[in-house]
Amino acid sequence: MTFASLGLIDPLLRTLDALGYTTPTPVQTQAIPVALAGRDLMAAAQTGTGKTAAFALPLLQRLTMEGPQLGSNSVRALVLVPTRELAEQLHQSFVEYGAQVPLSTYAVYGGVSINPQMMKLRKGVDVLVATPGRLLDLFRQNALKFNQLQTLVLDEADRMLDLGFADELRAIYAALPKKRQTLLFSATFSEDIRMLAGLMLDNPLSIEVSPRNVASSSVQQWIIPVDKKRKAELFCHLLKVQRWKQVLVFAKTRNGVDQLVELLQEQGVNADGIHGDKPQATRQRALDRFKKAEVQILVATDVAARGLDIDDLPLVVNFDLPIVAEDYIHRIGRTGRAGATGQAISLVCADEVDMLSAIETLTRQTLKRIPQQDFDPLHRVPLTDASGQVVRKSKKPKKPKVIGGGKKTLGKWLESNEPSEPPIKAIRKVPVFNTGPKKKK
Ligand code: AMP
C-alpha cells in the first residue's frame with residue numbers, strides 16, 4: 001500500500017516523501033479514502049497510530065482542490081482539541097503536512113491573550129485548530145464566521161467530554177453550517193461519545209484500528225506496591241539506582257506535580273512539570289525542552305499530557321494511578337511506540353486498589369507486582385485481578401464504581417458544565433463500542 005494509491009495529490013505526496021513516510025499506517029489506509037470522498041467518519045484511534053495525518057491529509061487536499069476564496073474572519077476547516085498543547089502540536093502537524101499547498105493554518109487556545117488571535121483571524125484562515133472555550137469566545141466577539149466551514153474535526157473527542165466541554169461543543173455545533181463534513185477521532189468510545197457522534201455525524205463510516213482499550217503489547221508493565229507517603233522517596237531511589245534517563249511521570253493533582261518537581265529539583269535533578277494552572281507559555285516551554293531531552297523528568301497531570309506525541313520515550317511512571325481507568329492506556333501509550341519497547345511502572349498504594357482493579361478490568365490483564373526491597377508497604381495493597389475482584393482480608397470484595405452512578409444520557413453530556421480538569425470522583429466503565437451503522441442526524 002502506498003500513499004499515492006490512496007488518491008493523494010502530488011504536493012502532499014512530495015511532502016510525505018520528504019518526511020520519510022513510505023507506507024500509510026492502518027488508520028491512514030482506512031480513513032484517507034473515506035475522508036477524501038467527503039464522507040463523515042468516526043474513528044477509534046489513539047495517539048501514535050498516525051491519526052493526525054489520517055485526517056489532516058484529506059482535509060488539506062479537499063481544501064486545496066475545491067472551495068471558495070477565503071472571506072475575512074472565515075474558517076474553512078475547524079479542528080477541535082481538548083488541550084492547548086494538543087492545539088499547538090496539531091497546528092505544527094498541519095504546517096508540516098501542508099508545506100507544499102497554499103493554505104493558511106492557525107491555532108487558538110485559552111491561557112494567552114485573545115487580541116493577537118483576533119487580529120490574525122481578520123484575513124480568515126483555511127485550517128483553524130482550537131480548544132472549544134477560546135473558539136467560542138472568538139466567535140461571540142465576532143472574530144470568527146463559520147459560513148464557509150466545510151469540515152469539522154473532533155480530535156480526542158472522549159477527552160473533550162471528560163473535561164466538561166459538553167456545553168461548548170453544543171454551542172459550537174449550533175453555530176456551524178448543517179452541511180459539512182465531520183470527522184470524529186476518539187481513543188475510546190463511551191456511550192456519551194456515541195451519542196455525540198449520533199448528533200454531529202451524518203451516516204459516518206466507523207473504523208477501529210487497534211483493539212479498543214487493550215494496552216499496547218510492546219509496553220512492559222508492572223506495579224510496585226508502596227505506602228503513599230513513601231512514593232516520592234521510592235521514585236528518587238529508583239531514578240538513582242536504575243539510572244533512568246528520560247521519564248514522563250504522571251501525578252494525579254496539580255499540587256502533586258508541583259511537589260514532586262520541587263523535590264527533584266532540590267536534589268539537583270533536571271525536572272519540570274506541566275498542569276492546567278501553569279501559564280501556557282511555561283507549559284509549552286517545559287514540553288519542548290522535554291521533547292529535545294533538555295529536561296530529564298517531566299511530571300504531568302493527565303489533562304496536560306493527553307495526546308502529546310513524544311518520540312522514543314523509554315519509560316512512563318505512574319506516580320499516582322489515574323482516577324479514570326482509560327487514562328492508564330493513554331499514559332502508557334506515550335512509550336513503546338512504532339515498534340519500540342517501553343516500560344510503564346506504577347507506584348501503587350493501598351488507597352488506590354479500586355483504581356488498580358478498574359485498570360486491570362479495562363485492560364483485561366492482572367498487572368505484575370514487583371515489590372521493591374526496603375519499600376514494602378505497611379498498608380498492604382489488596383490483591384486484585386482482571387475480573388474486577390479486590391481481595392480484601394476482612395471486607396467483602398468490591399467492584400469498581402461507575403461514574404455518575406450508572407448509565408448516562410445524551411442530555412447529560414449536553415447539560416454538563418464542569419470546569420477544566422474537573423475532580424473526577426469515580427472510575428468510569430466503558431460500554432462496548434458498537435461498530436454498526438450510525439443514526440443520521
Ligand atoms: P499521531 O498518531 O498522529 O500523533 O502520529 C504519531 C507519529 O507517527 C508522529 O510522529 C507522526 O509524524 C508519525 N507518522 C504518522 N504517519 C506516519 C507514517 N505513515 N509513516 C511514518 N511515520 C508516521
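Start by selecting Phe235, a residue that counts as buried because its relative accessibility is 0%, and keep in mind throughout the tour that this is a predicted model. Phe235 belongs to helix α10, which covers residues 231-241.

**The ring pairs**

Now add Phe319, which is placed in the loop between β12 (315-318) and α14 (326-332). Phe319 is also buried, with a relative accessible area of 11%. How many aromatic pairs does the structure have? The count comes to six. In the pair formed by Phe235 and Phe319, the ring centres lie 6.4 Å apart and the planes stand at 70 degrees, so this pair is edge-to-face, since planes over 60 degrees apart are given that name. The two residues are 84 places apart along the chain, and the pair therefore links distant parts of it.

Select Phe55, Phe94 and Phe185 next, and you will have a cluster whose members are linked by ring pairs.

**A salt bridge beside the same helix and loop**

Return to helix α10 and select Lys231, together with Asp320 in the loop between β12 and α14. The side chains of Asp320 and Lys231 meet in a salt bridge, with a distance of 3.5 Å from N to O. Because Asp320 lies in that loop and Lys231 in the helix, their pair ties together parts that are 89 residues apart in sequence. Are these two residues buried or exposed? Asp320 is buried, with a relative accessible area of 13%, and Lys231 counts as buried at 1% relative accessibility.

With this pair still on the screen, select Lys51, Asp155 and Glu156, which are joined into one network by salt bridges that share partners.

**Further salt bridges**

The structure holds 14 salt bridges, and two further ones are worth selecting here. For one of them, choose Glu233 and Arg230, whose side chains meet at 3.0 Å from N to O. Glu233 is partly exposed, with a relative accessible area of 42%, while Arg230 counts as partly exposed at 25% relative accessibility.

For the other, move to helix α8 (residues 166-175) and select Asp167 and Arg170, which both lie in this helix and are three residues apart, about one turn of the helix. Their closest N and O atoms are 3.1 Å apart in the salt bridge that they form. Arg170 is partly exposed, its relative accessible area being 40%.

**A buried arginine without a salt bridge**

Select Arg62, which has its place in helix α3 (residues 51-65). Which side chain of opposite charge is nearest to Arg62? That side chain is Glu66, at 4.1 Å, and Arg62, although buried, has no salt bridge; the cut-off for a salt bridge is 4 Å between a side-chain nitrogen and a carboxyl oxygen. What you can find instead is a polar contact of 3.3 Å, which joins the side chain of Arg62 to that of Gln181. Leaving aside residues up to four places away in sequence, Arg62 touches Ala35, Leu36, Ala37, Gly38 and Gln181.

**Charges over rings**

For the last stops, select Lys178 with Tyr173, where the charged end of Lys178 sits over the ring of Tyr173, 4.8 Å from its centre. Then select Lys120 with Tyr106, where the charged end of Lys120 sits over the tyrosine ring at 5.4 Å from its centre.

Technical notes:
Residues numbered from 1 in each chain as written. Predicted model: local features only at pLDDT ≥ 70, side-chain atom pairs only at ≥ 80, totals over all residues. Heavy atoms only, no water. Phe/Tyr/Trp six-rings, centres within 6.5 Å; stacked < 30°, edge-to-face > 60°. Helix = DSSP H or I, 4+ residues; strand = E, 2+ residues; numbered from the N terminus. Buried < 20%, exposed > 50% of the residue type's maximum accessible area, 1.4 Å probe, protein only. Lys NZ or Arg CZ within 6 Å of the ring centre and 35° of its normal. Lys, Arg positive; Asp, Glu negative; His and termini not counted. Polar contact = N/O pair within 3.5 Å; in protein donor to acceptor, adjacent residues only side chain to side chain. Contact = heavy atoms within 4.5 Å.
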